[in-house]
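Reader: Before we start, could you show me the sequence and the model that we are going to discuss?
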Amino acid sequence: MQDGIDPTATDSITYQLTIESLPTPLLERSIIETSMLERLRESAPVGAFGLIARANNDIDRIDQVLRSFGYYDALISLRIDGRDLSDPGLLPQLERYTPATTVAVEVLIDSGPLYRIDRVQLEGPVPPAARAAFALKPGAPATAPEVLAAGIALLDALQEDGFPLAQVPPPEVIVNHWTRTMAVTYRVEPGDRLPLGEIEIIGLERLREGTVRRRLGLRPGEPFSPSRLETARRALLASDALASARLTPATAPDAGGRLPLRLEVVERPLRVLRLAGAYSSDEGGSLSASWSHRNLFGGAERLTLGAEVSQLSAGPIGDINDFVRASLRIPDLWRRDLDLQLELGAVSERLEAYNRDAVTASAVFEQRVSARLSLGAGIGVENARIVQDGPAQDLRLLSLPITANWDSSDDPLDPRRGWRLAAQLTPTPWVEGDEGDSFVRARLVGATYFDLSEPTAGNEAPASPASHSSPTDGARPKLLGRRVLALRLAIGRILGTNVSAIPPDWRFYAGGGGSVRGYPYQSIGPRTANGSPAGGDALLEGSLELRQRIGARWGIAAFVDVGDVSADGFQGFGNLAVGVGLGARFHTPVGPIRVDLASPLTESEDDASVQLYIGIGQSF
């Protein structure tokens, strides 16, 4: 301690840290995150003596970061207020400053040459498949992330090849400062190739063990594979009866030379109540409620009872729409991933296009082909009384719906990337009514999402080891969904008869919040003699929406919707209705709350110039 200097002085010094430019943004950010000068600059003020000590400690921290990035000959110096840390006049000079003075702290780094991998050795009986997955090659940058990632990839490949107890210890590394190279040696212990053994299940309460085993789909004797175990675990959670599932391999084989597994599960609460609401200026408000039992008989059967009232405040009290439904989903019926959905519903609708009172019932089989693709087929019946611009029609109808759904999007309520495709083909071979005739209804809806986020500070990720590039060679942007371009296209066609013979509720309509915003619900397309929407046999819709996040919770959107409905097949693009608008989003854990304002570019005399839509989840 120098004469007259008290290291316990409490006066704090305000300082500003600068680090000279480094070879890559990732290296620069790593040094900033490691530096105690930066991390404690605002949260832990220090005096003159503490600032110098903190700077001295940072030199070792920065050197470790540089070495991990392959720079073993770096020269690091720090200057405070223009003086080196070893300058004897630095401390007295800092002691004279008041807390209001901002002191400059400069980190000067000469990174030196980048070291390279000179020699790589794998010692031990490494199978060819695992050896092929080892990506570290001579000539690669001698960076810690590259070297460690190669070992992790090797271990993953060994386990995926059926060696669950394989060990890949940290490598032996020899750095040659004369040649500026690194030699790396991995000593691999693959162990024995072991098949799966018995599965112990812990935590079941109401859910039957046989249901869990069938859903899991793992059999003793099949090859060990971590990816296969993870796929099975995710399939088990998809049943919705479980809140969590943890699948853990044993640390040693059993007496038969197989590897036992331990499955620990936590069941969800049996019953759940959901409430939802929405509002649009053309349809009014809607309220819905549903009650579900997630495990009715012990086999993850899901019973749902739901009701909805809509068109609230949009018209007289007698025009309120009512809908009730009961559905039962039976999973894994006869075979894994084959579900049966039974549904019974009753509806009373009072719309501008038609009035309808109906009872419907359906039974649909759904087969999950993969995590993204599902196929469905079933039968549906409807008994309805419909009024559209004339006397009431009593209709009884039999349909045979066939569906295919592909979903590679990343979020059901707020997608940022991926595709969605939904195809529906519904032959209706039997229609009994005043003017009914058989027909086939087809509809295809596709949506895609592009993440246009720009790379920003803190938004870079190193390349994967398999890419054969180094994080020190630059950084790649991580997709964060801050700016998303969403596109939707819908095409529909009804064949087999003319429009007048198609029940009004089965025709196509356009306009409204889920269609072409800015136009009232069902308002686009042909009209009846009294001016009400008539519906058509051909539908074309499209949407383009740009979504921009602002801060952590808020977002805005700009969109263009187009659509047309015709009564005699597709008539070209001359009659497309176009709506444009702006929206606000407030993002919550259950999806964004959406508020949209939209205007039609071609208005009719009776329609409002602006429509308002409020709901949960993105528009598509």
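Author: In strand S13, the residue that forms the bridge with Leu287 is Val309. This is a predicted model, in which local features need pLDDT of at least 70 and side-chain atom pairs count only at pLDDT 80 or more, while totals for chains, interfaces and linings use all residues. Residues are numbered from 1 along each chain as its sequence is written, and side-chain values use heavy atoms, with hydrogens and water left out.

Reader: How many bridges join S12 to strand S13, and in which sense do they run?
Author: Strands here are DSSP runs of E with at least two residues, helices are runs of H or I with at least four residues, and both are numbered from the N terminus. Two strands pair if DSSP finds at least two bridges between them. S12 and strand S13 (residues 302–312) run antiparallel, and the bridges that join them number eight.

Reader: Which residue in S14 stands opposite Arg302?
Author: S13 also pairs with strand S14 (residues 321–330), in the antiparallel sense and over nine bridges. In S14, the residue opposite Arg302 is Arg329.

Reader: Why does Trp291 count as partly exposed?
Author: Trp291 lies in strand S12, which covers residues 284–293. Buried means under 20% relative accessible area and exposed over 50%, with partly exposed in between, for a 1.4 Å probe and protein chains only. Trp291 counts as partly exposed because its relative accessibility is 30%.

Reader: In what order do the three strands of the open sheet lie?
Author: The pairing in this open sheet is mixed: S8 (residues 196–202) and S10 pair in the parallel sense over five bridges, whereas S9 (residues 242–249) and S10 pair in the antiparallel sense over seven bridges. The bridge partners in S10 are Leu259 for Leu196 and Leu263 for Leu247. The order of the three strands is S8-S10-S9.

Reader: Which are the edge strands, and which helix packs on the sheet, touching S8 and S10?
Author: Each edge strand pairs on one side only, and these strands are S8 and S9. Contact means heavy atoms within 4.5 Å, and angles run from 0 to 180 degrees between N-to-C directions, with axes being lines fitted to C-alpha atoms, for helices over the stretch in contact. The helix that touches S8 and S10, with a direction that makes about 135° with that of S8, is H7 (residues 209–216).

Reader: Which side chains of S10 point to the buried face?
Author: In a regular strand the side chains alternate between the two faces of the sheet. Along S10 (residues 259–267), Pro260, Arg262, Glu264 and Val266 point to one face and are not buried. The side chains that point to the other face and are buried are Leu259, Leu261, Leu263, Val265 and Glu267.

Reader: Is Ser399 buried or exposed, and which residues does it touch?
Author: Ser399 lies in strand S18 (residues 393–399), and it counts as buried because its relative accessibility is 7%. Not counting residues up to four places away in sequence, Ser399 touches Gly378, Ile379, Gly380, Thr426, Pro427, Thr428, Pro429 and Trp506.

Reader: What distance separates the C-alpha atoms of Arg67 and Ala241?
Author: Arg67 is found in helix H3 (residues 48–68), and it touches Tyr72 and Ala142, not counting residues up to four places away in sequence. Arg67 and Ala241 are 174 residues apart along the chain, and their C-alpha atoms are separated by 50 Å.
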